[in-house]
Amino acid sequence: MEQIQKQKFYLNPPPSCLFNNTDHRTDLNGVDQLIVRRGQPFSISLYLRSGSYQPGISSLDFIAETGPQPSEQYGTRARFGVSPNIDTSTWSAAVTSPPGNTVALSICSSPKAPIGRYTLTLGQSGKIEFILLFNPWCPADEVYMDNEQNLAEYVLSQDGIIFRGSSKHPIPTPWNFGQFESGILDICLRILDMNPKCLRNPGKDHSGRRNPIYVTRVLSAMVNCNDDKGVLLGKWSDGYEGGVSPLFWRGSVEILRNWDTQACQPVRYGQCWVFAAVACSVSRALGIPCRVITNFLSAHDTNSNLVIERYVNEKGDSIQSREMIWNYHCWVESWMTRPDLKPGFDGWQASDPTPQEKSEGVYCCGPIPVKAIKEGELTFKYDAPFVFAEVNADIVTLMKKKDGSTSEVTTTGLVGQKISTKSVGSDTREDITHLYKYPEGTESVKHPSAVNCCIKKLCFSALHLPTFLNSCIISLCSICSNTL
Ligand SMILES: [Ca+2]
Ligand SMILES: [Ca+2]
């Protein structure tokens, strides 16, 4: 048997970024660094220092590593050799050129590999650096999306429309996501590196980056600056001195660059659509299909009972307002499978970077399958009750009377109107309310057992509850007593 020869070789620099990046649909980032998507082969070529490459005789060993503590156990280090054919289900390499002193190689990452910065070492003599991204074009990737028009919109499009205004008059606001603009991908990776889970345990965090569920949850925490060195500081009242009014931003690029150049100090100021838009930019940059959605008459349930409690006096004036109904609220949906849940909940997952309530001790929310909200699966990860309440909560108005008695009125069907997102390939509004809930009043409406009121609609009344909701909001039509 012939002995395998360890040959010395060096890279034919640089790896063709133009060819590879174009092939991997990352060329909009530029072609000065190698940026590839997982589960898809890319090409490099080597010069051998002595002799020529002989299939079956020469040995070529590769080590791919990511993060500061690469380990095979964590999946952040992979060692592999040359195979007769490329295997796109794992890290693999194959020679694609005839024998000679130049060797053309096809290299493929595992479709389950962590995303991020990699070093690929060839023996002891060659190294290349590259960035690995999620691959929604790869059927074996958890973010796979089987529709080119949707991919063009939800991954590649840098121009968006975010709907604001009111349920009666949704107003389209143009937004530049700019996920491929110069330096943005590097900033997105820095956001991952600055997240507290990474700072505490970088090896484990880099391993977690194989999982779009994990990455999406990290982003929902890191887009706000609560608890961490996140990107945006929220402000919901007048007075935006020392910063930019949320109304003045026109895109994510300036926000991300400001955060990066100011040593990760929070950018002032964000509100829901700004938080959501930045999360959408980062998700698309990393290769997770993502869209911003707007929920009109969105409830904020602070005590997880799926009901918005409003206290009013006899005049109907609000006397306590811990819970509220926003005229609209924005969050994002990201596209991925959910192997951690029972089957049937792949697809759009809602996550919300606006800091509202803590989840597992941190201001973050989701991802939760949109379908789980529709089906009332409120035990599913993550944060199902909060999102369910945003689109479904009933309003219980408690009127404290002068004689000390209290009357209670429940309003259903008001919260969660015209849930909207930009249409694929056009600037029109797509109404996706049906993805979140069954039509009001149909038998198939799912009522989780925790909601033990408001199911019976006992009467209709012309009663209007003044002032506690914005005047543009109110159109109360169904009133019921919660006597169940
Ligand atoms: Ca945060
Ligand atoms: Ca509540």
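A residue counts as buried here if 20 or more other C-beta atoms lie within 10 Å of its own. With that cut-off in hand, welcome to a set of close-ups of a predicted model.

**Figure 1. Val415, a buried residue in a loop.** Val415 has 22 other C-beta atoms within 10 Å, and is therefore buried. Its place is the loop that links β25 (406–411) with β26 (417–422). Which residues does Val415 touch, leaving aside those up to four places away in sequence? They are Leu297, Ala299, Ile325, Val391, Asn392, Ala393 and Ile395. A further pair to look for is Val415 and Ala389: they are 26 residues apart along the chain, and 8.5 Å separates their C-alpha atoms.

**Figure 2. Helix α10, mostly covered.** This view follows residues 384–392, which make up α10. How many of the 9 residues of α10 are buried? The count is 9 of 9. Walking along the helix, you meet Ala384, Pro385, Phe386, Val387, Phe388, Ala389, Glu390, Val391 and Asn392, buried residues of α10. Val391 and Asn392 may look familiar, since Val415 touches them both.

**Figure 3. Helix α6 and its surroundings.** Helix α6 spans residues 212–222 and is mostly covered, with 10 of its 11 residues buried. Among the buried ones are Pro212, Ile213, Val215 and Val218, together with Arg217, Thr216 and Ser220. What covers the buried residues of α6? The cover includes the helices α3 (184–194), α4 (196–200) and α8 (272–286). Strands take part too, including β19 (324–336), β20 (347–351) and β22 (362–363).

**Figure 4. An open sheet of 6 strands.** Read across the sheet, the strand order is β23-β20-β19-β16-β26-β27, with antiparallel pairing. Which strands stand at the edges? They are β23 (368–369) and β27 (429–431); each has a single partner strand, so one side of each is left without a neighbour in the sheet. Within the sheet, β16 (residues 290–300) pairs with β26 in the antiparallel sense over 2 bridges. Here Thr294 stands opposite Ser420 of β26. Helix α8 packs on this sheet and touches β16 and β19. The direction of α8 makes about 5 degrees with that of β19.

**Figure 5. Helices α3 and α8 crossing.** The axes of these two helices come within 10 Å, and they cross at roughly 105 degrees. Angles of 65 to 115 degrees count as roughly perpendicular, and α3 and α8 are therefore roughly perpendicular to each other. Where they meet, α3 brings Ile184, Leu185, Cys188 and Ile191, while α8 brings Val282, Ala285 and Leu286.

**Figure 6. The largest nonpolar core.** In soluble globular proteins, nonpolar side chains tend to be buried together. The largest nonpolar core in this model holds 114 residues, and those that touch the most other members are Val231, Ala276, Ala277, Val278 and Ile373. Helix α8 supplies the largest share of this core, 12 residues. Why does the core lie between domain 1 (5–133) and domain 2 (148–480)? Both domains give residues to it, so it lies between them. For a closer look, centre on Ala277: not counting residues up to four places away in sequence, Ala277 touches Ile162, Trp175, Phe177, Ser252 and Val292.

**Figure 7. Strand β24 with partners β17 and β25.** Strand β24 (residues 394–400) pairs in the parallel sense with β17 (residues 307–312), over 6 bridges. Tyr311 stands opposite Leu398 of β24. With β25, strand β24 runs antiparallel, and 6 bridges join the two. In that pairing, Ile395 faces Thr411 of β25. The hairpin of β24 and β25 has 5 residues between its strands, and there Gly404 takes a positive phi near 95 degrees.

**Figure 8. Strand β6 with partners β7 and β10.** Strand β6 covers residues 61–66 and pairs with β7 (residues 77–83) in the antiparallel sense over 5 bridges. Phe62 has Phe80 in β7 as its bridge partner. The pairing of β6 with β10 (residues 116–122) is antiparallel as well, over 5 bridges. On that side, the bridge partner of Ile63 is Thr121 in β10.

**Figure 9. The whole chain, for orientation.** The protein chain has 11 helices and 29 strands. Of its 484 residues, 45% count as buried. Among contacts between residues at least 6 apart in sequence, 65% join residues at least 24 apart.

Note on methods:
Residues numbered from 1 in each chain as written. Chains lettered and ligands numbered in written order. Predicted model: local features only at pLDDT ≥ 70, side-chain atom pairs only at ≥ 80, totals over all residues. Helix = DSSP H or I, 4+ residues; strand = E, 2+ residues; numbered from the N terminus. Buried ≥ 20, exposed ≤ 12 C-beta atoms within 10 Å, placed from the backbone. Contact = placed C-beta atoms within 7 Å. Pairing = 2+ DSSP bridges. Axes fitted to C-alpha atoms, helices over the stretch in contact; angles between N-to-C directions. Core = buried A, V, L, I, M, F, W, Y, C linked by C-beta atoms within 7 Å. Domains from an automatic or database assignment. Parallel < 35°, antiparallel > 145°, perpendicular 65-115°, else oblique.
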